[in-house]
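Let's walk through this model together, starting with its rings and strands and then moving on to its empty spaces. Keep the viewer open as you read.

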Amino acid sequence: QRSEIQPQGSSVLAVVRSNMTSGHVRPFRIKLGEVFPNFECNTTEGCFSFHDFLNRAPAWTVLFSYAQDLDSATKAELVECESLCDRLRTLGVKLVGLSCGALSKQAEWSREVLSASGSSGSSLSFPLIADEDRRVTEQLGILDPSTVDERGSPLAAGAVFVIGPSKTNRCSVLYPANVGRTFVEFVRCIDSLFLTQGMILATPANWEAGGRVVVAPGMASNVARERYSNFEVTALPSGKDYLRFVDCPDLSKFTAPDGIEAPGPVDSGALDFRAQLGTSFPDFACNSTHGSFTFHEFLDREPRWTMLFSHPKDFTPVCTTELGTCQALVAEFLRRGVKLIGLSCDSVESHKAWSKDILCARGLPGETLDFPLIGDEDRSIAASLGMLDPLEIDDVGDPMPARSLFVIDALKKLRMMVTYPATTGRNFGEILRVVDAILATEIAEK
């Protein structure tokens, strides 16, 4: 029986606006602004509640999950985390790990990781939570049903959450358990998150620390020209001056802000789709730049794997760099058997007009993108899929889509998920790397 999202028009936004402030209670969902639940933690540094740990200094937290066994990939990840601890603490961020392994194993792993990292310390610089009964991983929705232990129980997926001072999810990824992560990517996201807290600057697609940044729509050009170095406007077919670049300010001045913090979770309104690895993706009607169809009809087209991604708004700087990057990478994704489809709350007509700017900014020919963009004007799809960003609102106070991304396999199952805030451009090189790893493990298992 297929799951469907039915457009609800303005009623979706009415529910969203109500639940942003009502304290409406429902299961934890992996999306921006979601408040983390409290739970008891049995760790290598003793027992405490998760909220007590979040309240400790520094105020920002990275929670990451990892496999039950200390294989070479897991060890490499933990070694990388240990090596990044000082850098993260300088930024104002602490670490905590989580797996389904026994506490005795976690303590043993700590010693192995310290030895592999060349450290002379007696314990890791961060605690490891032992979730033997899987209560926490189940509560957070981060189990991977495709990877199981010797008893057939699913293992923890490769989840990473950046959690703000008010215990809300500010950035997250969900990778399969058998795909390794590069934690330098999450340091990049944190650098961007802290740099762009004031919504004045934003980081474009594939940005690296110190690289050129874009001026957010809320700042006037004359102010940006005076405040930042090497101000430059990209001329576009629309004649709009929104793609404005400046040199990156000194990142050391942008450590751990107390917030702008999210006002609260944005509820789904139409359908409580809880994104977890292995979940069947729901069906919904799509009005797009390539015509109208249902999402399942699109998933059934060749190639059978799909990357669905959302962006906050047309004719904005970060979105323009991301869509241009996607267009430039269409052939790379198709070579891997993956097709692309985008979504925002703008109209199809707006998408078509904006496409000319996207191609021009990237230096690509033509006027039409090689993949469809869905016009989700009433936000029914974005709200139902948990794609809305409570910090990015439009002129009437309604939340706009976050930078969410889903990789969906030929069986319409969710295999990977990325959720970044509006001001942080995604790293599509990292996304290609993870897609390659997922496909490689598929081939190996056959």
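Buried here means under 20% relative accessible area, exposed means over 50%, and partly exposed is what falls in between, using a 1.4 Å probe and protein chains only. Keep in mind that this is a predicted model: local features need pLDDT of at least 70, side-chain atom pairs count only at pLDDT 80 or more, and totals for chains, interfaces and linings use all residues. Residues are numbered from 1 along each chain as its sequence is written, and side-chain values use heavy atoms, with hydrogens and water left out.

With that in hand, look at Phe48 and Phe53: both are buried. To talk about them as a pair we need a rule. Rings of Phe, Tyr and Trp (its six-membered ring) pair if their centres lie within 6.5 Å; planes under 30 degrees apart count as stacked, over 60 as edge-to-face, and the rest as tilted. By this rule the model has 16 aromatic pairs. Phe48 and Phe53 have ring centres 5.5 Å apart and planes at 15°, so they count as stacked. Ring pairs also link Phe64, Tyr66, Trp109, Phe126, Phe183 and Phe186 into a cluster.

Some rings have a charge over them as well (NZ of Lys or CZ of Arg within 6 Å of the ring centre and within 35 degrees of the ring normal). Phe48 turns up again here, with Arg56 over its face at 4.5 Å from the ring centre. Lys339 does likewise for Phe298, at 5.2 Å from the ring centre.

Now for the strands. Helices (H or I, at least four residues) and strands (E, at least two) are DSSP runs, numbered from the N terminus, and two strands pair if DSSP finds at least two bridges between them. Strand 2 (residues 40–43) and strand 3 (residues 46–49) run antiparallel and are joined by four bridges. They make a hairpin with two residues between them, and Thr43 stands opposite Gly46.

Further along the chain there is an open sheet of four strands, in the order 11-12-14-13, with antiparallel pairing. Strand 11 (201–202) and strand 13 (232–233) are the edges; each has a single partner strand, so one side of each is left without a neighbour in the sheet. Inside that order, two bridges join strand 12 (residues 213–215) to strand 14 (residues 244–246), with Val213 opposite Val246.

On to the empty spaces. On a 1 Å grid over the protein atoms alone, a cavity is a set of points where a 1.4 Å probe fits but cannot get out, while a pocket is an open set with protein on both sides within 12 Å along at least five of seven lines; lining residues have an atom within 4 Å of a point. Grid points are joined across faces, edges and corners, and a volume is the space filled by probe spheres set on the points.

The largest pocket holds about 410 Å³. Its lining has 23 residues, with Pro217, Lys313, Thr316, Glu392 and Met400 nearest the centre. Helix 9 (317–328) and strand 20 (388–393) are the elements that give two or more residues to it. For residue classes, Ala, Val, Leu, Ile, Met, Phe, Trp, Tyr, Cys and Pro count as nonpolar, Asp, Glu, Lys and Arg as charged, and the others, Gly among them, as polar. The lining then splits into 13 nonpolar, three polar and seven charged residues.

The second largest pocket comes to about 260 Å³. It is lined by 21 residues, and Ala67, Asp71, Thr74, Ala177 and Asn178 are the closest to its centre. Helix 3 gives the most to this lining, with three residues.

As for cavities, there are four of 30 Å³ or more. The largest cavity has a volume of about 120 Å³, and among its 15 lining residues Arg170, Met199, Asp389, Leu391 and Pro421 lie nearest the centre. Strand 20, which we met at the largest pocket, gives the most to this lining too, with three residues.

What lines the second largest cavity? This space of about 60 Å³ is lined by Val62, Cys81, Leu84, Leu88, Leu95, Phe183, Phe186, Val187 and Ile190. By class that is nine nonpolar, no polar and no charged residues. Phe183 and Phe186 also belong to the ring cluster from earlier.
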